[in-house]
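Please look at the sequence and the model before reading on. The text then goes through a metal site and a ligand site.

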Amino acid sequence: MNNFPKSVSLVEVGPRDGLQNEKTEVSTQTKVELVNLLADAGHRRIETGSFVSPKWVPQMADSGEVFSLISRREGVSYSALTPNTKGLENALSANADEVAIFGAASESFSQKNINCSIEESLERFAPVVEQAAARGKPVRGYVSCVLGCPYEGEIAPEAVANVAKIMLDMGCYEVSLGDTIGTGTPFKTQRMLEVVTDVVPVSKIGAHFHDTYGQALANLYVALSAGVSVIDSAVAGLGGCPYAKGASGNVATEDVLYMLDGMGISTGVDMTRLLKASSFIMEAVGRKPSSKVANALMESC
Ligand code: HMG
Ligand code: MG
């Protein structure tokens with residue numbers, strides 16, 4: 001396992017995964033400004049919102065407005081989560097550049113998060129992928145709980161591989177593997193990736209690791225060494241899933257960027273500009289970033 005990529009495509013999920021779990025309402029204008037600052041920093045893939053039930057995730061209820069107010073930059077893909085065809089219709093009306101379906105490798109998490117079994121979810125996703133393709137929109141797939149579930153504990157890597165393969169066969173161009181509760185450790189990550197890459201090309205895998213137990217960078221190092229070249233992260237380490245109790249933020253973009261810059265792996269994202277986005281959003285939510293790198297660099301400024 002020493003297939004480090006020369007460049008990594010960063011998927012900035014702060015405006016969606018990051019903000020969806022914020023307890024206090026974040027204004028539409030703040031979300032818009034955050035997305036614009038992230039594009040200024042050089043991000044080319046920004047998960048901008050989520051077309052889910054506002055009863056389930058109230059913070060994302062204004063995603064349509066966010067999409068209508070952002071300053072779209074050439075070459076930037078602004079994406080959204082779509083759990084069903086209703087979500088897809090709303091994402092299409094908002095002119096999202098791409099959409100994402102999201103399933104799980106754990107039955108219990110699937111029920112808690114999207115109110116159906118894994119099998120039902122895949123049946124529900126098929127028309128989303130088909131209709132998105134008919135409208136020329138690429139579809140990403142997410143598999144949650146790839147290294148552990150808040151309700152079931154251990155998850156078999158084979159269960160991850162199975163859902164990932166079905167999503168790709170369905171027409172997703174990439175599948176993002178989510179350590180939703182951040183319980184993974186490096187050897188476990190390695191084993192999971194070995195099993196998944198037996199059935200799915202590594203070029204189609206993204207790593208979506210939450211940093212709840214401080215393991216995300218170590219796990220990402222393992223993923224990189226296996227040849228994974230797509231990493232999801234959230235500015236300032238914002239985030240968590242409302243249906244995964246105790247799950248804290250995504251790995252911070254600043255921490256990932258510092259590691260990749262240090263390893264000579266290019267991303268196209270500029271740290272100084274990224275820190276502007278970080279300061280902006282943390283001031284808006286009234287906290288310090290959970291990113292060690294952001295705190296260290298902000299203090300040294
Ligand atoms: P349900 O209650 O089973 O849905 O929810 P339903 O089809 O029975 O409809 C119930 C009501 O919801 C109806 O409205 C529908 O119109 C409405 P009513 O008639 O009662 O007024 N509805 C919708 N409204 C807006 N947009 C929609 C939509 N669909 C139905 N798309 C559903 C099923 C999937 C909708 C719900 O469970 C849901 O919205 N879940 C989303 C939960 C969520 O967003 N979780 C966080 C994102 S996943 C995550 O963070 C993990 C990830 O980051 C990877 C990782 O870390 O592992 C991706
Ligand atoms: Mg997540």
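The paragraphs below take the metal site and then the ligand site.

This is a predicted model, in which local features need pLDDT of at least 70, side-chain atom pairs count only at pLDDT 80 or more, and totals for chains, interfaces and linings use all residues. Residues are numbered from 1 along each chain as its sequence is written, chains are lettered from A and ligands numbered from 1 in the order in which they are written, and side-chain values use heavy atoms, with hydrogens and water left out.

The magnesium ion (ligand 2) has as protein donors Asp17 (OD), His208 (NE2) and His210 (NE2), at 2.0 to 2.3 Å. Donors are N, O and S atoms within 2.8 Å of the metal (3.2 Å for Na, K and Ca); water is not among the atoms, so sites may look incomplete. The spacing of the donor residues in sequence is D-x190-H-x1-H. Asp17 belongs to helix H1 (residues 14-18), while His210 lies 193 residues away in the loop between strand E7 (205-209) and helix H9 (216-225). Helices (H or I, at least four residues) and strands (E, at least two) are DSSP runs, numbered from the N terminus.

Ligand 1 also has polar contacts (pairs of N or O atoms within 3.5 Å). The side chain of His208 places a polar atom 3.0 Å from an oxygen atom of ligand 1, and for an N or O atom in the side chain of His210 the distance to a ligand 1 oxygen is 3.0 Å. Elements giving two or more residues to the shell around ligand 1 are H1, helix H4 (85-93), helix H5 (107-114) and strand E5 (139-144).

Note on methods. A polar contact is a pair of N or O atoms within 3.5 Å; within protein, one must be able to donate a hydrogen and the other to accept it, and residues adjacent in sequence count only if both atoms are side-chain atoms.
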